[in-house]
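I opened this notebook to keep a record of what I looked up, entry by entry. The notes are meant for someone who has not met this structure before.

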Amino acid sequence: MKAAIFYGPNQPLKIEDVPKPTAGLGEIIVKVSACGVCHTDLHYIDSGVPTFKKPPMILGHEASGIVDEIGEGVTQFKGGERVLLPAVLSCGHCKFCRTGRENICDNMVMFGNNIDGSYAEYVKAPAKDTFLLPKEIPLEEGAIIADAITTPYHAVINRGNVKPGDKVVVFGCGGVGLNVVQIASTIGAYCIAVDILDQKLEYAKTLGAAEVLNPTKLDRIDKEVRKLTNGGADIAFEVIGNPHTMELAFACLRTGGKLVVMGYSDKNMNLNLGRTMYREMGIVGSLGCRPVDYPRVIELARVGKIKVKELVTRKFPLEGINTAFDLLRKGEGIRSVVLP
Ligand code: APR
């Protein structure tokens with residue numbers, strides 16, 4: 001089969017012929033329809049964040065497809081069914097899995113990180129972790145549910161605990177941040193979107209942002225947010241991965257507010273612990289999404305409460321994957337998918 005192979009940082013992926021995987025016990029082979037192009041891949045390619053599986057390997061963790069082959073013991077799927085693969089697989093038996101926190105599983109396995117992913121014609125997946133994709137959700141665009149939509153869902157609902165009427169500020173309106181805006185707005189929060197690119201702010205408006213702010217045009221974003229929210233946001237989301245914007249997002253909060261860290265950075269942020277204590281501030285991280293939330297997200301997409309089709313702004317053949325990464329580096333569009 002054809003696959004885009006990652007040989008290590010600072011080099012483009014190479015399209016090569018590799019053996020098609022075969023399904024073992026409890027596994028299925030999925031013919032990949034689409035795989036979303038995510039910033040996480042750029043951490044491996046541009047920033048040298050190591051993958052758990054040693055390269056050469058296949059990246060790609062946001063995939064939809066058609067069941068192509070069924071392994072021994074699989075009874076819940078038939079060949080030809082449309083499916084969504086979760087970005088991450090959990091073990092089901094560690095203390096986190098047993099207490100409903102599968103997204104921080106001790107033994108988590110991520111597609112395109114611990115095991116081969118979906119920048120390929122076929123991918124192998126455990127049947128127990130795979131979801132049926134309803135016919136109302138288009139296969140190509142539906143792929144991005146697997147990370148760009150489920151990750152924000154978990155952050156907004158489970159980590160931010162956003163409620164209708166809450167005032168929310170979102171730093172970073174990329175593929176992930178825009179869906180924080182979309183989901184928070186959909187459940188009735190007043191949402192302020194922040195990004196340095198006006199185009200991203202335009203997208204944020206179409207996805208429900210009540211206000212948009214561009215830090216390149218304003219001196220003090222935190223002051224502006226305080227003004228708009230009458231004292232500070234209840235919940236701030238940082239979806240960039242930059243210690244400076246983490247500090248800024250924290251500065252936008254009211255007393256008792258909470259910062260949800262979604263962006264990845266290996267650097268420290270400055271934090272006044274006195275303010276954190278005296279004002280009962282909260283800071284939580286948010287990672288991925290629990291499998292138990294996927295059916296809810298899929299249903300919200302099926303009935304159109306969450307927009308999916310509108311989020312895919314470019315489609316590339318597998319051979320165009322490095323161009324898709326270039327677009328992501330430049331911050332163009334919302335989400336690209338490759339169609340292997
Ligand atoms: N202030 C405001 N916005 C900024 C700033 C800044 N200083 N710097 C960058 N941005 C905006 C970019 O313009 C872009 O729209 O942040 C957005 C980042 O989006 P993407 O590059 O598309 O990244 P995305 O896939 O959304 O992931 C964001 O979350 O899951 C993590 O690893 C991921 O750290 C990454 C983050």
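**Entry 1: around the ligand**

I started with the ligand and found 20 residues around it, of which His-39, His-43, Val-176, Asp-195 and Tyr-264 come nearest. I note at once that the model is a predicted one, and I read every value below with that in mind.

Next I asked myself which helix gives the most to the shell around the ligand. I found that helix α1, which covers residues 39-45, does so, with three residues. Sorting the shell by class, I counted nine nonpolar residues, eight polar ones and three charged ones.

I then went through polar atoms facing oxygen atoms of the ligand. For His-43, I found a polar side-chain atom at 2.9 Å from a ligand oxygen, and for Arg-335 a polar side-chain atom at 3.5 Å from an oxygen of the ligand. With Ile-240 the backbone is involved, since a polar backbone atom there is 3.3 Å from a ligand oxygen. I also looked up how much of the ligand is covered: on its own the ligand has 740 Å² of accessible area, and the protein covers 86% of this.

**Entry 2: aromatic pairs**

I turned to the aromatic rings, taking ring centres within 6.5 Å as the cut-off for a pair, and the count came to two aromatic pairs.

One of them joins Tyr-119 and Phe-325, whose ring centres are 6.1 Å apart and whose planes stand at 85°, so I entered the pair as edge-to-face. I placed Tyr-119 in the loop between β8 (109-110) and β9 (122-126) and Phe-325 in helix α11 (residues 321-330), so this pair ties together parts that are 206 residues apart in sequence. Are these two residues buried or exposed? I found Tyr-119 buried because its relative accessibility is 0%, and Phe-325 is buried as well, with a relative accessible area of 1%.

Another pair is made by Phe-131 and Tyr-294, with ring centres 4.8 Å apart and planes at 5°, so I wrote it down as stacked. Phe-131 belongs to strand β10 (residues 131-132) and Tyr-294 to helix α10 (residues 294-302), so here the pair ties together parts that are 163 residues apart in sequence. I checked the burial of this pair too, and both Phe-131 and Tyr-294 are buried.

**Entry 3: lysines over a ring**

I looked for charges placed over rings and came to Tyr-122. Lys-20 lies over the face of Tyr-122, at 4.2 Å from the ring centre, and the charged end of Lys-31 also sits over that ring, 5.2 Å from its centre. I located Lys-20 in the loop between β2 and β3 (27-36), where it counts as partly exposed because its relative accessibility is 36%. I also noted that the C-alpha atoms of Lys-20 and Ile-149, which are 129 residues apart along the chain, are separated by 29 Å.

**Entry 4: backbone angles worth a note**

Before this entry I reminded myself that most residues other than glycine have a negative phi, and that most peptide bonds are trans.

Where, then, does a cis peptide bond occur? I found one joining Pro-55 and Pro-56, with omega at about 5°, and Pro-56 is in the loop between α1 and β4 (57-58).

For positive phi, I wrote down Asn-10, which has a phi of about 60° although it is not a glycine. I placed Asn-10 in the loop between β1 (2-6) and β2 (14-17), and I call it exposed because its relative accessible area is 65%. Asn-161 also has a positive phi, near 55°; it is found in the loop between α4 (150-159) and β11 (167-171), and it is partly exposed, with a relative accessible area of 40%.

**Entry 5: distances across the model**

Last, I looked up some C-alpha distances. Tyr-7 lies in the loop between β1 and β2 and is partly exposed, at 33% relative accessibility; from Tyr-7 to Arg-101 I found 33 Å in space, the two being 94 residues apart in sequence. Asp-106 has its place in the loop between α2 (95-98) and β8, and at 52% relative accessibility I count it as exposed. The C-alpha atoms of Asp-106 and Gly-174 are separated by 29 Å, with their positions 68 residues apart along the chain.

Conventions
Residues numbered from 1 in each chain as written. Predicted model: local features only at pLDDT ≥ 70, side-chain atom pairs only at ≥ 80, totals over all residues. Heavy atoms only, no water. Near = heavy atom within 4 Å. Polar contact = N/O pair within 3.5 Å; in protein donor to acceptor, adjacent residues only side chain to side chain. Areas by Shrake-Rupley, 256 points an atom, 1.4 Å probe, with all protein chains shown as cover. Helix = DSSP H or I, 4+ residues; strand = E, 2+ residues; numbered from the N terminus. Nonpolar A, V, L, I, M, F, W, Y, C, P; charged D, E, K, R; others polar. Phe/Tyr/Trp six-rings, centres within 6.5 Å; stacked < 30°, edge-to-face > 60°. Buried < 20%, exposed > 50% of the residue type's maximum accessible area, 1.4 Å probe, protein only. Lys NZ or Arg CZ within 6 Å of the ring centre and 35° of its normal.
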